[in-house]
Amino acid sequence: MSEVRPLRIGQGWDVHRIATGRKLILGGIEVPSEFGLEGHSDADVLSHAITDAILGAVALGDIGMHFPDTDPRWKGADSLVFLRHVCGLASEAGYRIVNVDSTVILERPKLKDFRLAIRESLAGCMGLPPDCVSVKFKTAERVGPVGEGRSAEAQAVVLLERI
Ligand code: C5P
Ligand code: MG
């Protein structure tokens, strides 16, 4: 990195189609649901958004560049593997994560009872205390593809500090 700065910020966003016969995995936690998310990996939309936010903070491209969805190695992959890998890349670049804030936008099922499990799972993966990992949930008020139950989205922001 050309200029050493004490802080870096990154943003990530992801979307996956809803599909029957698939698991709903968010932050590495399987949430009981009649449907899940379509994708080459486990389609963990939340982990993907956080992974992209970390890559963004250190300007190292995006998740598809590091883990192409054409690569058979990542078929059905646990997305926490991607997240752990980019934490390592950030660390090699000389940065550690200060905190993560994220939002999952999904019409149903209700996710709030799984918030703590998801936060603990993500925090464990990133080597952070759970109070540094925020996960919020929103419906899309029945509007648009998310609101009509056709897709799920996630957004994330991450702050990194120089080690
Ligand atoms: O989107 P809305 O503002 O109606 O969400 C209300 C509450 O429902 C939020 O506090 C959120 O945590 C929760 N929620 C949830 N699961 C979802 C969407 C929202 O638990 N799929
Ligand atoms: Mg994705």
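Helices H3 and H4 (residues 115–126) have axes that come within 9 Å and cross at roughly 40°. The two helices are therefore oblique to each other, as this angle falls outside the ranges for roughly parallel, roughly antiparallel and roughly perpendicular. This is a predicted model. Its five-stranded sheet is open, and a search of the whole structure finds three aromatic pairs.

**Where H3 meets H4**

- H3 brings Leu80, Leu83, Arg84 and Cys87 to the contact.
- H4 brings Ser121, Leu122, Cys125 and Met126.
- Take Ser121, a residue of helix H4. Its relative accessible area is 17%. The limit for buried is under 20%, so Ser121 is buried.
- Ser121 touches Leu80, and also Gly27, Gly28 and Ile29. That list leaves out residues up to four places away in sequence.

**After H4**

- Gly127 sits in the loop between H4 and E6.
- Gly127 has 64% relative accessibility, so this residue counts as exposed.
- Gly127 and Pro145 are 18 residues apart in sequence. In space, their C-alpha atoms are 34 Å apart.

**The aromatic cluster**

- Three residues form one aromatic cluster: Phe67, Trp74 and Phe82.
- The rings of Phe67 and Phe82 have centres 4.3 Å apart. Their planes stand at 25°, so this pair is stacked. The cut-off for stacked is under 30 degrees.
- This stacked pair links distant parts of the chain. Phe67 belongs to the loop between helix H2 (63–66) and helix H3 (79–92), while Phe82 is in helix H3. The two residues are 15 residues apart.
- Trp74 and Phe82 make an edge-to-face pair. Here the distance is 5.6 Å centre to centre, with 85° between the planes.
- Are the cluster residues buried or exposed? Phe67 is buried, with a relative accessible area of 9%. Phe82 is buried at 3% relative accessibility. Trp74 counts as buried at 14%.

**The sheet**

- Strands of a sheet pair through backbone hydrogen bonds, either parallel or antiparallel.
- In this model, five strands line up in the order E4-E1-E7-E5-E6, with mixed pairing.
- Which strands lie at the edges? They are strand E4 (35–37) and strand E6 (133–138), and each pairs on one side only.
- Neighbouring strands of the sheet are turned by 25° against each other on average, direction ignored.
- Strand E1 (residues 7–20) and strand E7 (residues 151–162) run antiparallel. How many bridges join E1 to E7? There are eleven.
- Ile9 has Leu159, in E7, as its bridge partner.

**A helix on the sheet**

- Helix H1 (residues 45–57) packs on the sheet.
- H1 touches E1, E4, strand E5 (95–105), E6 and E7.
- The direction of H1 makes about 155° with that of E1.

**A charge over a ring**

- Arg162 lies over the face of Tyr95.
- The distance from Arg162 to the ring centre of Tyr95 is 5.1 Å.

Notes
Residues are numbered from 1 along each chain as its sequence is written. Chains are lettered from A and ligands numbered from 1 in the order in which they are written. This is a predicted model: local features need pLDDT of at least 70, side-chain atom pairs count only at pLDDT 80 or more; totals for chains, interfaces and linings use all residues. Side-chain values use heavy atoms; hydrogens and water are left out. Rings of Phe, Tyr and Trp (its six-membered ring) pair if their centres lie within 6.5 Å; planes under 30 degrees apart count as stacked, over 60 as edge-to-face and the rest as tilted. Helices (H or I, at least four residues) and strands (E, at least two) are DSSP runs, numbered from the N terminus. Buried means under 20% relative accessible area, exposed over 50%, partly exposed in between (1.4 Å probe, protein chains only). A charge sits over a ring if NZ of Lys or CZ of Arg is within 6 Å of the ring centre and within 35 degrees of the ring normal. Two strands pair if DSSP finds at least two bridges between them. Axes are lines fitted to C-alpha atoms, for helices over the stretch in contact, and angles run from 0 to 180 degrees between N-to-C directions. Contact means heavy atoms within 4.5 Å. Angles under 35 degrees count as roughly parallel, over 145 as roughly antiparallel, 65 to 115 as roughly perpendicular and the rest as oblique.
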